[in-house]
Amino acid sequence: MTDFTVLDPSCTKSKDDTYQTVAHKQAAPASPDNNRAQDKRVSRLGTSPLGGLIAEFALPAITGMIVSGAYAVIDSVFLGQAMGSLGLSAATVAAPFMILIVAFGVLIGNGGNTLAALRLGEGKVDEAERVLGNTVLLCLVLGISVFVAVCIPAVMDALLAISSATPEVAPFARTFITIIAAGMFVQMIGIGVNNFIRSAGAPNRALITMLIGTVVCIIANYLLVLRFGLGVEGSALATVIGQSVTAISVLWYFTKTKNVAFRLRVKNMRPRVHLIKTMIVLGVPSFIVQIGIAVLCVVLNVLIVQYGETSTIGTVGALASIGVVQRVALFTILPLVGITVAIQPLLGFNYGAKLYARVKSTLMYGIVINSVFSIVMWLIIRIFPYPIVQAFGISNPDLLAYTEFAMQVQLFMLPLVGFQIVGSNYFQATGQPIISIILSLMRQMLVLVPILLTINLWMPHLFPQFTQLDCLNFAMPISDIISTTVALIFVIREVRRLNKAIK
């Protein structure tokens with residue numbers, strides 16, 4: 001096999017002229033004494049046929065991501081049915097904080113899971129257990145820290161101001177955020193640590209842990225919001241209750257289940273600086289994606305409040321509408337994220353084992369499958385726009401028409417998004433965070449936010465039939481085209497390098 005040169009600028013060259021990624025470079029020294037025999041469920045990631053492995057991992061991962069994302073959609077559906085536009089607006093204002101929780105969860109969870117998969121590929125089972133222990137520790141520390149911060153009135157006021165909460169919506173959003181913050185630790189366990197179960201070779205179990213929590217969340221939402229009339233308090237409590245069930249199930253798997261590939265042990269929760277640094281480096285791309293989404297939500301909220309005042313649907317209606325579109329967009333992208341989550345341990349394990357032919361094949365599988373799913377989700381939105389919007393309790397004709405228009409425009413380039421997601425996540429899974437960060441920044445921050453801030457300077461003059469509020473929606477498909485083009489350039493270069501390594 002020829003030398004393999006990765007694209008990550010942070011790579012260093014070793015004596016034999018091969019290049020190593022950040023994850024390899026910072027690896028703890030291995031020895032026969034601290035590396036146990038690799039579990040067969042893990043070792044098969046480098047030997048079993050890829051088609052069967054991807055099908056085994058993808059089906060529960062896709063279902064799991066849809067189940068996970070159902071929390072946000074469930075909240076909005078029940079709040080919309082119970083409180084109308086006011087409830088949807090409160091959820092929209094709280095969205096940046098909700099995304100912040102997810103951001104911390106994926107920073108620690110995805111970074112830790114990527115490192116654990118790489119270590120398992122190298123046969124370092126004990127090191128993977130230390131990564132798991134430090135991941136749980138960081139979830140606990142961050143969860144408590146953020147809750148304490150949110151309890152400070154000045155911090156809460158700042159969060160509401162950043163999210164452009166109107167006086168009418170602010171009290172409901174404040175209550176929602178406070179309750180969600182109280183359960184942040186269990187949410188981070190459910191978001192981040194659950195993916196370790198897939199790396200342990202048990203994707204169906206990972207699905208079950210998420211499914212149980214979602215079912216509990218649906219039942220709790222129905223009871224607390226619709227039956228007991230608790231509104232935003234009930235919706236937030238239902239979310240925390242459901243995610244607590246998921247967190248308990250995840251921790252139970254790694255502490256009580258027999259014959260697991262690696263375990264959560266108290267001794268491995270002792271902080272290890274070198275592991276934490278590497279986890280954070282590897283998790284930064286996913287973190288940036290979520291922070292980009294949060295920034296996008298903030299910018300959108302500010303612009304929507306600004307232009308919604310002059311619209312026939314009003315500010316509250318505009319906030320409610322964009323909240324619905326955001327949740328539909330989330331639900332359409334979740335299957336795509338599920339596929340990337342499914343192939344992540346396969347990419348990480350085989351990259352760590354230097355099986356570059358399997359790495360390339362896995363990448364190609366991911367691109368094809370994600371592209372197919374993107375097209376299917378796009379067709380559903382094009383064919384059934386009104387039933388989708390009406391499910392959120394929107395009945396006002398003007399608001400219904402605008403929401404349908406916004407959804408169709410914003411997701412017009414959805415068929416391209418699947419490739420972009422696989423491309424950026426490939427570099428994270430293979431320990432090349434710098435490239436992944438660049439690609440992740442492209443779509444959410446470097447391209448989309450500037451377009452949003454400037455589109456009303458030129459588009460209304462070229463297309464006077466659209467209002468300023470209408471024009472905001474066209475920024476999304478423009479951003480999708482640009483970011484996908486950049487991702488394509490990086491992926492083509494990477495495939496060429498993989499081909500050289502395979503020869």
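L223 is found in helix α9, which covers residues 203-227, and this residue offers a convenient place to begin in what is a predicted model. With a relative accessible area of 36%, L223 is partly exposed, and L223 belongs to a nonpolar patch on the surface that also contains L211, V215, I219, Y222, L226, F228 and L230. Together, the residues of this patch have about 700 Å² of accessible area. L223 can count towards such a patch because patches are made of residues with over 30% relative accessible area and no salt bridge, and the relative accessible area of L223 is 36%.

From the surface, the reader may turn to the salt bridges, of which a search of the whole structure finds five. One of them joins the side chains of R119 and E122, with a distance of 3.3 Å from N to O. The two partners differ in how they are covered: R119 is buried, with a relative accessible area of 1%, whereas E122 counts as partly exposed at 25% relative accessibility. These two residues do not stand alone, for R119, E122 and K124 are linked in a network of salt bridges.

Helix α5, made of residues 125-150, holds another of these contacts. Here R130 forms a salt bridge with E127, and the closest N and O atoms of the pair are 2.9 Å apart. Because R130 and E127 are three residues apart in helix α5, about one helical turn separates them. E127 counts as buried, since its relative accessibility is 7%.

A further salt bridge is formed by E129 with R265, where the closest N and O atoms are 2.8 Å apart. This pair links distant parts of the chain, as E129 lies in helix α5 while R265 lies in the loop between α10 (231-256) and α11, 136 residues away along the chain. At 3% relative accessibility E129 counts as buried, while R265, at 31%, counts as partly exposed.

Distant parts of the chain also approach each other at A55, which is found in helix α3, residues 50-83. The C-alpha atoms of A55 and I339 are separated by 9.6 Å, although the two residues are 284 residues apart along the chain. A55 itself is partly exposed, with a relative accessible area of 39%.

The spaces between the helices come next, beginning with the second largest pocket, in which about 160 Å³ of space lies. Thirteen residues line this pocket, and those closest to its centre are P96, L159, I162, A294 and V298. Which helices supply at least two residues each to the lining of this pocket? They are α4 (85-121), α6 (153-162) and α11 (273-308), and α4 gives the most, with five residues. The lining of the second largest pocket is made up of twelve nonpolar residues and one polar residue, with no charged residues.

Besides pockets, the structure holds two cavities of 30 Å³ or more. The second largest cavity has a volume of about 50 Å³, and its lining consists of L300, I304, A318, I322, Y402, Q410, L469, L472 and N473. At least two residues of this lining come from each of α11, α12 (314-352), α15 (397-410) and α19 (468-472), so that helix α11 takes part in the lining of this cavity as well as in that of the second largest pocket. By class, the lining of the second largest cavity has seven nonpolar and two polar residues, and again no charged residues.

Two details of the backbone complete the walk through the model. S164 has a positive phi of about 60° although this residue is not a glycine, and S164 lies in the loop between α6 and α7, the latter being residues 170-182. With a relative accessible area of 14%, S164 is buried. K354, likewise a residue other than glycine, has a positive phi near 60°, and K354 is found in the loop between α12 and α13, where α13 covers residues 356-383.

Definitions and conventions
Residues are numbered from 1 along each chain as its sequence is written. This is a predicted model: local features need pLDDT of at least 70, side-chain atom pairs count only at pLDDT 80 or more; totals for chains, interfaces and linings use all residues. Side-chain values use heavy atoms; hydrogens and water are left out. Patches are made of residues with over 30% relative accessible area and no salt bridge: like charges are joined within 9 Å, nonpolar side chains (Val, Leu, Ile, Met, Phe, Trp, Tyr) within 5 Å. Accessible areas come from the Shrake-Rupley method with a 1.4 Å probe; for residues, only the protein chains shown count as cover. A salt bridge is a side-chain nitrogen of Lys or Arg within 4 Å of a carboxyl oxygen of Asp or Glu. Helices (H or I, at least four residues) and strands (E, at least two) are DSSP runs, numbered from the N terminus. Buried means under 20% relative accessible area, exposed over 50%, partly exposed in between (1.4 Å probe, protein chains only). On a 1 Å grid over the protein atoms alone, a cavity is a set of points where a 1.4 Å probe fits but cannot get out, and a pocket is an open set with protein on both sides within 12 Å along at least five of seven lines; lining residues have an atom within 4 Å of a point. Grid points are joined across faces, edges and corners, and a volume is the space filled by probe spheres set on the points. Ala, Val, Leu, Ile, Met, Phe, Trp, Tyr, Cys and Pro count as nonpolar, Asp, Glu, Lys and Arg as charged, and the others, Gly among them, as polar.
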